[in-house]
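Here's a quick briefing to read with the structure open beside you. It goes topic by topic, so dip in wherever you like.

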Amino acid sequence: MLASSSSTAISLHPLANYNASATPSLNPSSLSFSSSYSYLSPLSFRLHSSKTHLRITPKKGLRVSCSTNEPLKVMISGAPASGKGTQCELIVQKFGLVHISTGDLLRAEVSSGTEIGNKAKEFMNSGRLVPDEIVTAMVTVRLSRQDAKEKGWLLDGYPRSFAQAQSLEELNIRPDIYIVLDVPDEILIDRCVGRRLDPVTGKIYHLKNFPPESEEIKARLVTRADDTEEKVKSRLEIYKQNAAAISSTYSSITNKIDGNRPKEIIFKDIDSLLSQLLKDKTAKSMKPVLQTENCLDQASSNEEKWRGIPTRLNNIPHSREIRNYFYDDVLQATQRAVNDGRTRLKVEINIPELNPEMDVYRIGTLMELVRVIALSFADDGKRVKVCVQGSMGEGALAGMPLQLAGTRKILEFMDWGNYGAMGTFIKIGSIGAKEVDEEDDMFILVAPQNAVGNCIIDDLRAMTDAAGKRPVILINPRLKDLPGSSGIMQTMGRDKRLEYAASFESCYFFRLLYYAGTQYPIMGAIRMTYPYDYELYKRVDEPSGKEKYVSLSTFKERPTIDEINDAFLGKPRNKDKKASGIWGFLSGVF
Ligand code: AP5
């Protein structure tokens, strides 16, 4: 029923049907400041974007159209004057990619005096970023043109903000590599102030570093309006404010390159990276496309480099690959458990983006996870009820847990596919016996937890009693008996409640390990997916800023702190030892 929504966004791309050749450039008159591109309205972004995260295992026999022999897709980033434009000239010469520079596109609009240009001008001249709506529309339209699809693209100067990076993610536009040119600040200022452009050839010169070849060229060189020292400093500041958030989106495909060397040497590094990528792509395209192969499985060769579990888990927000890895991991574990007839299941996933102890729930990631699981079971013909606890108690205690406020509404507004799943195979409800209908096949409970002064367990118990043998899956429950608003523990029936909470069997567990009292750096991780053992990993730094997770040991039961300590210290099992010393991990881990 829902399987066809599982393919990558290639066929779902909102611009896929956009006739690029008929519209070679933007029509400025169609643009209003609040984005009047009807095909790129915020609504359509959301509408289409929500599919990009759906990962439903396609039914056998379904052909997923994965394009073979894909051209290179490259992003280049770096501070102002880090040499992006200079390297792009060389990359285009060698690899024939379509160079898309937002700076150049905007400058062209400014010099043609278009409406976009007039709006962009004041931002550019003052060294500020042009509003996202304008730039994103320009870039996505340009990327959708035939030449970029056929020859591949080289995106220069975009994304420049987290929102821009997310726009591309949502459209499933993702580069193969993210190159960052790294140059010290003082050099950047000198480069900008000395930069000159040839308006005839578009070539970039520098008065000292790359002087023009002839007097004739020299005479016609122009200086960019934003190349004064003061404006460069402000551009640099803006770049720094945004850099971390953008690079977190591309952390798994980032290659930082020392840009403070002669341009030919820098290009040598870039050349070898791109040549290798091209080789890998060609080798991949030689493989026959399997009938049931999922494009997302191929999307990231980085997954292979993760060797077990994803790296860079401290970078928040997590990249789409990382999120997909975990959605898939949880999905497979819950499917195996349900298929084995297990009915009381618990998923505990504590990647930083879902860790309620560091922050409130990162609700978007939690919702995506729930959607992937629910849709996948629905795809197997099960009627799934997704439940969020509602308000509890009365008066001052009427509220629900802070982390869950608004969650039900978000679930209702989310895109559940165009195949009629919502309302039929998927329903949204709350927690309690009266929510259990005869036709429901299973229940997914979103982060059930004890609010201050209220205990969810009685409702939960009534619900599971009503559910009988039907599976109930708790996603990130917090069922510890917390103190009430008065600071008093709910002592009445406490033992029974805790016993009930413990009756749910773990079908997925993931937690990062840190030194006691810290949340950085990550020391390792524990992972368990039903029906397999607990796996203990150690995080190891590798040269050039990379990292990997090395498997240390496996355990039938969740390992104790002592067992973890011993494994990290390389000691044999079952040695008597106190849970203390340097390896006393994050308190409350277990
Ligand atoms: P944009 O044109 O993209 O400017 P930028 O990112 O600040 O980068 P530059 O073009 O200044 O430098 P570059 O890294 O290309 O360096 P280059 O090769 O020229 O954007 C301009 C404006 O447009 C922004 O400020 C913003 O307002 C707007 N904008 C653009 N994109 C946007 C977006 N996505 N969202 C919102 N607004 C956006 O080299 C610099 C100089 O150094 C040259 O003189 C060169 O000859 C020299 N040089 C280069 N390499 C070397 C080397 N290895 N050694 C010595 N000298 C070198």
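For sorting residues by character, Ala, Val, Leu, Ile, Met, Phe, Trp, Tyr, Cys and Pro count as nonpolar, Asp, Glu, Lys and Arg as charged, and the others, Gly among them, as polar. By that scheme, the residues of the shell around the ligand split into 14 nonpolar, ten polar and eleven charged.

Keep in mind that this is a predicted model: local features need pLDDT of at least 70, side-chain atom pairs count only at pLDDT 80 or more, and totals for chains, interfaces and linings use all residues. Residues are numbered from 1 along each chain as its sequence is written, and side-chain values use heavy atoms, with hydrogens and water left out.

**The chain overall**

- The chain holds 19 helices and 16 strands; helices (H or I, at least four residues) and strands (E, at least two) are DSSP runs, numbered from the N terminus.
- Of its 590 residues, 51% are buried, where buried means under 20% relative accessible area, exposed over 50%, and partly exposed in between (1.4 Å probe, protein chains only).
- About 26900 Å² of the chain is exposed, and carbon and sulfur atoms supply 53% of that; accessible areas come from the Shrake-Rupley method with a 1.4 Å probe, and for residues only the protein chains shown count as cover.
- Take the contacts (heavy atoms within 4.5 Å): among those between residues at least 6 apart in sequence, 71% join residues at least 24 apart.

**Around the ligand**

- There are 35 residues around the ligand, and Thr-86, Arg-128, Arg-160, Arg-195 and Arg-235 come nearest; a residue is near a molecule or strand if one of its heavy atoms lies within 4 Å of it.
- Helix H2 (84-95), helix H3 (102-112), strand E6 (204-206) and helix H11 (263-286) each give at least two residues to the shell, with H3 supplying the largest share, four residues.
- Several backbone atoms make polar contacts with the ligand, a polar contact being a pair of N or O atoms within 3.5 Å (within protein, one must be able to donate a hydrogen and the other to accept it, and residues adjacent in sequence count only if both atoms are side-chain atoms).
- A polar backbone atom of Ser-82 sits 3.2 Å from a ligand oxygen, one of Lys-84 is 2.9 Å from a ligand oxygen, and a backbone N or O atom of Gly-85 is 2.8 Å from a ligand oxygen.
- Taken alone, the ligand exposes 1000 Å², and the protein buries 96% of that.

**Glu-547 and Arg-312**

- Glu-547 is in strand E16 (residues 547-555) and is buried, at 14% relative accessible area.
- What does the side chain of Glu-547 reach at 2.3 Å? That would be the backbone nitrogen of Arg-312.
- The Glu-547 side chain also makes a polar contact with the side chain of Arg-539, at 2.8 Å.
- Leaving aside neighbours within four places in sequence, Glu-547 touches several residues, including Thr-311, Leu-313, Val-540 and Asp-541.
- Arg-312 is in the loop between helix H13 (302-306) and helix H14 (320-339), and is partly exposed because its relative accessibility is 27%.

**Backbone oddities**

- As background, most residues other than glycine have a negative phi, and most peptide bonds are trans.
- Arg-312 has a positive phi, near 55 degrees.
- Ala-447 has a positive phi too, near 45 degrees; this residue lies in the loop between strand E11 (442-446) and helix H17 (457-467) and is buried at 0% relative accessible area.
- A cis peptide bond, omega about 0 degrees, joins Tyr-158 to Pro-159, and Pro-159 is in the loop between strand E3 (153-156) and helix H7 (162-170).
- Tyr-530 and Pro-531 are also joined by a cis peptide bond, omega about 0 degrees; Pro-531 is in the loop between strand E14 (524-529) and strand E15 (534-541).

**Helix H18**

- In H18 (residues 494-502), Arg-497, Tyr-500 and Ala-501 are buried.
- Looking down the H18 axis, the buried residues fall within an arc of 100 degrees, so they line one face of the helix; the arc is that of the directions from the helix axis to the C-beta atoms.
- Those buried residues pack against strand E8 (344-350) and H17.
- On the other side of H18, Asp-495, Lys-496, Glu-499 and Ala-502 are exposed.
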